[in-house]
Amino acid sequence: MADAEITRTGEARAWQRMLSGRRLDLINPSPLDVEITDIAHGLARVARWNGQTKGEYAYSVAQHSLLVEKIYRRLFPEATADEKQLALLHDAPEYVIGDMISPFKAVMGGSYEMIEKRLEDAIRIRFSLPTELRVKIVKQLKQADRIAAYFEASTLAGFSKAEAIRYFGEPETITPQGLDLIARPTPQIEGAFLARFNVIEQERAH
């Protein structure tokens, strides 16, 4: 449940109650109110491609995130544990603001981007990740994301190969072998996301 209010100072707040019991202010989020269980739960229930994908189940942002992180590791075998976690959490703000298709994001513009950035920063601070990334890392994350989008578009979202290449480019070194491109049940993906997060956290601890 979400609530909106105006404080005595005139500051707007929009609260979202999470299953963990946290109340997250979507406009000015605190890292203290971010929980990985809420992120996994939310992302596993947010559909990619506005739900326009093949299969019995919606293809979720959580499954997309797992795909991007796996592709990132293939592209960059020497990636640090921090970089892997950044890849897994690259769309984490969508656990509360949803997955908006790119053309609509462009129409929404500044306000959406501001809220997304604040949420992203709160999530990264919560898990001791940098809020400002080197240009090289940003490009690498975008590369993995675009490759994932190419395979999703051509396998799940009804794009022809030519259309997928036009919008996302054709991967040069990554093949679909070993990539999970079948939409899975929500509980399975929620568990897989949490499990991968915990594996990377153990790697980061060492």
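## A pocket and a helix pair

The second largest pocket is lined by Gln63, Leu66, Leu67, Glu69, Lys70, Arg73, Leu179, Asp180, Ile189, Ala192 and Arg196, where a pocket is an open set of points on a 1 Å grid, fitting a 1.4 Å probe, with protein on both sides within 12 Å along at least five of seven lines, and lining residues have an atom within 4 Å of a point. Two or more of these residues come from each of α2 (61-75) and α9 (186-205), and α2 gives the largest share, 6 residues. The volume of the second largest pocket is about 180 Å³, taken as the space filled by probe spheres set on the points.

This is a predicted model, in which local features need pLDDT of at least 70 and side-chain atom pairs count only at pLDDT 80 or more, while totals for chains, interfaces and linings use all residues. Residues are numbered from 1 along each chain, and side-chain values use heavy atoms, without hydrogens and water.

Helix α7 (residues 135-155) packs with helix α8 (residues 161-168) at an angle of about 160 degrees, their axes being 9 Å apart. That angle makes the two helices, α7 and α8, roughly antiparallel (over 145 degrees), and their crossing is right-handed. In contact (heavy atoms within 4.5 Å), Arg146, Ala149, Tyr150, Ala153 and Ser154 of α7 meet Lys161, Ala164, Ile165, Tyr167 and Phe168 of α8.

The table gives the residue classes.

| Site | Nonpolar | Polar | Charged |
|---|---|---|---|
| Lining of the second largest pocket | 5 residues | 1 residue | 5 residues |
| Contact of α7 with α8 | 7 residues | 1 residue | 2 residues |

Here Ala, Val, Leu, Ile, Met, Phe, Trp, Tyr, Cys and Pro count as nonpolar, Asp, Glu, Lys and Arg as charged, and the others as polar.

Terms used. Helices (H or I, at least four residues) and strands (E, at least two) are DSSP runs, numbered from the N terminus. Axes are lines fitted to C-alpha atoms, for helices over the stretch in contact, and angles run from 0 to 180 degrees between N-to-C directions. Angles under 35 degrees count as roughly parallel, over 145 as roughly antiparallel, 65 to 115 as roughly perpendicular and the rest as oblique. A crossing is left-handed if the near helix is turned anticlockwise from the far one by less than a right angle, and right-handed if clockwise.
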